[in-house]
Amino acid sequence: MTGTGFVHQALCYASDEEFLSGTADFVRDGLVADDAVLVVVRADNIALLRDALGAAAREVDFVDALDWYHFPSRTLGRYNDYCTARDEGGARRVRVIGEPLWTGRSPAEEREWMRYESLVNVAFADSGHWIVCPYDARILPEAVIAGALRTHPQVTLAAAEGDVDGGRGTLDAPYTDPADFYAECDALSRTSPHEPRPAAPPREVPFVRGESVAVRLAAAEYARRCRLTDGRARDVAAAVHEAVLNAVRFGGGRGVLRLWNDAEWVVFEVADQGGGHPARPLREAGFLGHVPPDPQAARGHGLWVVRQLSDLVTERIDEDGAVVRIHFRR
């Protein structure tokens with residue numbers, strides 16, 4: 001392994017030259033060190049980097065960010081799969097340039113993508129990989145740039161115009177611990193006026209232990225009535241099934257499925273009243289299915305599967321029970 005320890009770095013750039021200054025040598029150094037190199041950025045930045053690298057670009061895996069940055073958990077799953085396939089049992093470093101897409105995101109989606117950036121620090125904490133996340137200061141709102149400072153332990157900025165050395169500096173960011181950032185995101189999801197909420201009382205389907213099949217069929221039928229494709233209806237059934245199993249196992253053996261939709265989302269909410277046990281600490285709970293589980297683990301896969309199948313998931317899990325909202329984009 002070249003180098004030691006996981007590195008997660010934000011690159012805030014304001015010109016094509018600054019983008020290349022923060023990425024081209026990073027790629028070249030990785031190739032010299034025999035690191036695997038993955039670049040997932042906008043198409044225009046792929047073209048810039050290919051031109052700068054010349055023949056060396058053939059040794060790099062390029063992916064258009066539009067193909068990967070759809071939904072946070074799926075994106076994290078893809079990075080996890082790529083790194084697992086190439087790190088040769090921890091003996092090889094993987095270098096990633098990953099540029100999240102922020103344009104057109106709703107406030108709820110923007111919050112979940114910021115949460116994703118924070119959780120990257122948890123998912124890869126025990127690896128030796130190096131991830132650089134470019135942020136285009138020319139087009140991104142201040143709130144997104146501020147989020148980058150809080151979710152990346154290191155931030156690289158272009159030197160101010162007129163700086164005598166004309167170089168770049170790597171600064172310690174006002175970094176926020178992922179557990180604290182996670183809790184802030186949860187608090188915002190409960191109070192934000194931008195959260196998808198039913199305009200009228202939703203349809204309710206109560207369930208008890210042993211009735212998960214009936215609830216799954218009800219969810220799939222509702223998805224088809226809302227004109228989701230058959231494939232997405234199957235994803236709905238599987239995701240709701242996993243959430244219901246969790247509710248039965250940890251929520252006292254019963255709960256309720258609530259269904260509603262609006263112009264943008266079809267929503268499936270699985271709620272229970274808790275099992276009479278104090279909520280587990282967030283770190284012990286494994287960040288509630290946001291982080292890829294150990295494939296050999298007997299438990300801990302349910303919410304990860306839910307997140308891989310759906311488009312957006314929010315949850316509240318505490319002593320009073322759990323409420324898991326599973327969103328599918330229309």
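**Stop 1: the second largest cavity**

Start with the lining of the second largest cavity, which splits into seven nonpolar residues, two polar and one charged. Keep in mind that this is a predicted model. To bring the site up, select H8, Y69, Y79, V96, G98, Y116, E117, V120, I131 and C133, the residues that line the second largest cavity. The space inside the second largest cavity is about 50 Å³.

Now colour by secondary structure. Which elements each supply at least two residues of this lining? They are strand 4 (94–98), helix 5 and strand 5 (130–136). Helix 5 gives the most here, with three residues.

**Stop 2: C133, and a look at the cysteines**

While you're here, click on C133, one of the residues lining the second largest cavity. C133 counts as buried, because its relative accessibility is 3% and the cut-off is under 20%. Next, jump to C185. That residue is buried too, with a relative accessible area of 4%.

How many disulfides does a search of the whole structure find? Zero, so don't bother drawing any S–S bonds.

**Stop 3: H129**

Head for the loop between helix 5 and strand 5 and pick out H129. Is H129 buried or exposed? It counts as buried, since its relative accessibility is 2%.

Show the H129 side chain as sticks and display the backbone of V94: the side chain reaches the V94 backbone nitrogen at 3.0 Å. Then expand the selection to the contacts. Leaving aside neighbours within four places in sequence, H129 is in contact with G5, F6, V7, C83, D87, R92, R93, V94 and F124.

**Stop 4: the largest cavity**

Next, select P72, S73, E112, H290 and R307. Of the 15 residues that line the largest cavity, these are the closest to its centre. The largest cavity holds about 160 Å³ of space, and the count for the structure comes to two cavities of 30 Å³ or more.

Which elements give two or more residues to the lining of the largest cavity? Select helix 4 (72–86), helix 5 (107–123) and strand 11 (312–318) to see them. By class, the lining of the largest cavity has seven nonpolar, three polar and five charged residues.

**Stop 5: the second largest pocket**

Now for a pocket. The second largest one contains about 560 Å³ of space. Centre the view on N80, T84, A123, F124 and P292, which are the closest to the middle of this pocket out of the 26 residues lining it. You've met F124 already, as one of the contacts of H129.

Helix 4, helix 5 and helix 10 (302–309) are the elements that give two or more residues to the lining of the second largest pocket. Which one gives the largest share? Helix 4 does, with seven residues. Colour the pocket lining by class and you'll get eleven nonpolar, nine polar and six charged residues.

**Last stop: the whole chain**

Zoom out and switch to cartoon. The protein chain has ten helices and twelve strands. Colour by accessibility next: of its 330 residues, 50% count as buried. If you like contact maps, plot one to finish. Among contacts between residues at least 6 apart in sequence, 71% join residues at least 24 apart.

How values were computed: Residues numbered from 1 in each chain as written. Predicted model: local features only at pLDDT ≥ 70, side-chain atom pairs only at ≥ 80, totals over all residues. Heavy atoms only, no water. 1 Å grid on protein atoms, 1.4 Å probe; cavity = no way out; pocket = protein on both sides within 12 Å on 5 of 7 lines; lining within 4 Å. Points joined across faces, edges and corners; volume = space filled by probe spheres on them. Helix = DSSP H or I, 4+ residues; strand = E, 2+ residues; numbered from the N terminus. Nonpolar A, V, L, I, M, F, W, Y, C, P; charged D, E, K, R; others polar. Disulfide = S-S within 2.5 Å. Buried < 20%, exposed > 50% of the residue type's maximum accessible area, 1.4 Å probe, protein only. Polar contact = N/O pair within 3.5 Å; in protein donor to acceptor, adjacent residues only side chain to side chain. Contact = heavy atoms within 4.5 Å.
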